[in-house]
Structures are given as C-alpha cells and as structure tokens.
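Take a slow look at the fold below before you read on. We'll start with what counts as tucked away, and then move through the sheet, the ligands and a few backbone oddities.

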Amino acid sequence: MAREAVTRTGLLGGSFNPAHRGHRGITLAAIRALGLDEAWWLVSPGNPLKAGRGDMAPLTARLASARRMARRAPIRATAVEQRLGTRYTIDTIRALKRRYPKRRFIWLMGADNLAEFHRWRDWRSIAREVPIAVVARPGYDDDALAGVAMGWLRRSVRPASQARFWTRWSLPALVLLRFRPDPTSATLLRQSNPNWAEHPWHRSDAAPDEPRPPS
Ligand SMILES: Nc1ncnc2c1ncn2[C@@H]1O[C@H](COP(=O)(O)OP(=O)(O)OP(=O)(O)O)[C@@H](O)[C@H]1O
Ligand SMILES: O=C(O)c1ccc[n+]([C@@H]2O[C@H](COP(=O)([O-])O)[C@@H](O)[C@H]2O)c1
C-alpha cells in the first residue's frame, strides 16, 4: 500500500485505572490490523459517566501506569485531554483534529464501550467525525451487537478484511475487530490490588502531561 502523507493514529480513550496488558494487547493488534503509524492512549482526567466514583486513582498514577505499559511500543500515553481542557470525547476529537491536521484519527474501543456508546454526549457526531474500530471483549460482545448504538451504526459496518483502508471510508464507519480474546480488566486488577496506585512505580512526581507533546 502506498504510504500517505498523513500519520495514521489510533485513539484509545480510557480511565486506565490501572493500565493493563489487555490495553497493550488490543492496541498492538489494532495497529497491525489498521496499518497505524501509532496509537495514543488518552488517559481521561475523568470519564463523564464515572464521575464521583471513589475508586478512581489520581490522574498522575493512572498516567504513570499507562506509560509503563506502553513502553517499547508505538503507543504514546498522554493526558492531552487535561491539557486541552476537554472531558467529552466529541470535544476531544474535534480539538485533536483541529490541532493535528496532518494526522488521520480512528477511535478504538472495546465492545463494552460500544454497548454504552449511546450514553456518550453527541455519540452520533463522534461517529461522523472519525471512523470507529471496536475490539471484541469476552462477555460484552452480545450486548454491544444488540445495543442502541449498533442499531444506528449497523449499516455503516465495514468488513474487517478492509480494515487497512479506513482512511478512505465515508463516515460514519465502524469495523469490528476480533483478536485473541483477553479477559484482563482494570476492575479485576483493582480487586486483587486495591492499593496499586501507591506502588512507587505509579507515584510519579512528573506533571500529568507528556514530556514530549505529540506533533
Ligand atoms: N481486555 C480487553 N479487551 C478489549 N478491550 C479492552 C480490554 N481492556 C480494556 N479495553 C478497552 O480499553 C479502553 C479503556 O478501558 P479501561 O481503561 O476502562 O479499562 P477496563 O479494563 O475496561 O477498566 P474497568 O474494568 O475499570 O472498567 C476501553 O475502550 C475498553 O473497552
Ligand atoms: O464523551 C462522553 O460522553 C463519554 C462518556 C463515557 C466515556 N467516554 C470516554 O470513553 C473512554 C473510555 O472510558 P473508560 O472509563 O470506560 O475507560 C474515555 O476516553 C472516556 O472519556 C466518553
């Protein structure tokens, strides 16, 4: 495939409370399947649907865990939403598109997020702004396929065999990616280690912004 003059960038938004090998595994598999140059992990200052949850570690700890998990991979863990002052994904995507006109973005999410997608602010507008790649996740795929968002997006589904051509798709467009199922979840990790954020690895004094801003 001839290389384009744009940087093909996957966006995986998440709480990363903490980051885990499931995030890394699906991101690396998506990079391959979609022919991405890199992926950005957008470590959320606060998922609007999880506001007030007592088990949310500080952004600095979540960002530190994401940076560790992203090491030696074409993955950049960033708190760019904090820098932009955005909380809702629609605002983040519009701001990133304005700020990085030479990049093409695709939104990545697990099937659990697709099942809830119709609760996100302006979710149809998100689907009109960027293509969406949904990664199958054990225990969530049936709900995602039967969900409100999928009902609206069904006619916009593209075959996984065409996934590398996502920059040419008219929007909305959604592709379902099925990799080796990974049952890892942050919920399970928090249950087995509620104090994970206290570990010295995650008690970073660094400012919650990337040392090298994405270009
Ligand atoms: N094992 C996995 N398989 C597929 N997608 C995943 C997996 N783990 C996380 N994701 C996706 O990564 C993104 C960020 O996930 P998040 O940081 O919320 O982790 P999580 O494990 O889902 O956390 P929690 O259990 O606290 O809800 C979401 O789109 C989520 O669907
Ligand atoms: O924009 C919204 O209304 C919205 C509602 C819920 C979740 N999100 C985003 O979805 C991403 C996944 O969040 P989480 O907590 O499930 O990892 C993260 O980037 C959140 O900001 C966005």
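A residue is called buried if 20 or more other C-beta atoms lie within 10 Å of its own, exposed if 12 or fewer, and partly exposed in between. Keep in mind that this is a predicted model.

Let's try that out on α2, which spans residues 59–69. How many of the residues of α2 are buried? The count is 9 of 11, so this helix is largely enclosed by the rest of the structure. The buried ones are Leu-59, Ala-61, Arg-62, Leu-63, Ala-64, Ser-65, Ala-66, Arg-67 and Met-69. And what do they pack against? Their partners are α1, β2, β3 and α3, the last of these covering 80–84.

**The sheet**

Now for the strands. Seven of them form an open sheet, with parallel pairing, in the order β3-β2-β1-β4-β5-β7-β6. At the edges sit β3 and β6, each of which pairs on one side only. Further in, β5 (residues 132–135) runs parallel to β7, and 4 bridges join the two. If you want a spot to zoom in on, find Val-134, which stands opposite Leu-176 in β7.

Helices lie against this sheet too. α1 packs on it and touches β1, β2, β3, β4, β5 and β7. The direction of α1 makes about 155 degrees with that of β1. Our friend α2 also packs on the sheet, where it touches β2 and β3, and its direction makes about 160 degrees with that of β2.

**The two ligands**

Which residues come nearest to ligand 1? They are Gly-14, Gly-22, Gly-110, Ala-186 and Thr-187, out of 19 residues that surround it. By type, this shell divides into 6 nonpolar, 10 polar and 3 charged residues. Five elements supply at least two residues each: β1, α1, β4, α5 and α9. The largest share, 3 residues, comes from α1, the helix that also packs on the sheet.

Ligand 2 has 15 residues around it, and Gly-13, Gly-14, Ser-15, Asn-47 and Trp-120 come nearest. Here the split is 6 nonpolar, 7 polar and 2 charged. β1 (7–14) and α4 (89–99) each give at least two residues to this shell. Did you spot Gly-14? It's listed among the closest residues for ligand 1 and among the nearest for ligand 2.

**Backbone oddities**

Most residues other than glycine have a negative phi, and most peptide bonds are trans. Here are four places in this model to check against that background.

| Where | What to look for | Value |
|---|---|---|
| Asn-17 and Pro-18 | cis peptide bond | omega about 5 degrees |
| Leu-171 and Pro-172 | cis peptide bond | omega about 0 degrees |
| Arg-72 | positive phi | near 55 degrees |
| Asp-122 | positive phi | about 50 degrees |

Where do these sit along the chain? Pro-18 is in the loop between β1 and α1, while Pro-172 is in the loop between β6 and β7. Arg-72 belongs to the loop between α2 and β3, and Asp-122 to the loop between α5 and α6.

Is Arg-72 buried or exposed? It has 5 other C-beta atoms within 10 Å, so it's exposed. Asp-122 has 15 of them within 10 Å, so that one is partly exposed.

Notes. Residues are numbered from 1 along each chain as its sequence is written. Chains are lettered from A and ligands numbered from 1 in the order in which they are written. This is a predicted model: local features need pLDDT of at least 70, side-chain atom pairs count only at pLDDT 80 or more; totals for chains, interfaces and linings use all residues. A residue is near a molecule or strand if its C-beta atom, placed from the backbone, lies within 6 Å of it. Ala, Val, Leu, Ile, Met, Phe, Trp, Tyr, Cys and Pro count as nonpolar, Asp, Glu, Lys and Arg as charged, and the others, Gly among them, as polar. Two strands pair if DSSP finds at least two bridges between them. Two residues are in contact if their C-beta atoms, placed from the backbone, lie within 7 Å. Axes are lines fitted to C-alpha atoms, for helices over the stretch in contact, and angles run from 0 to 180 degrees between N-to-C directions.
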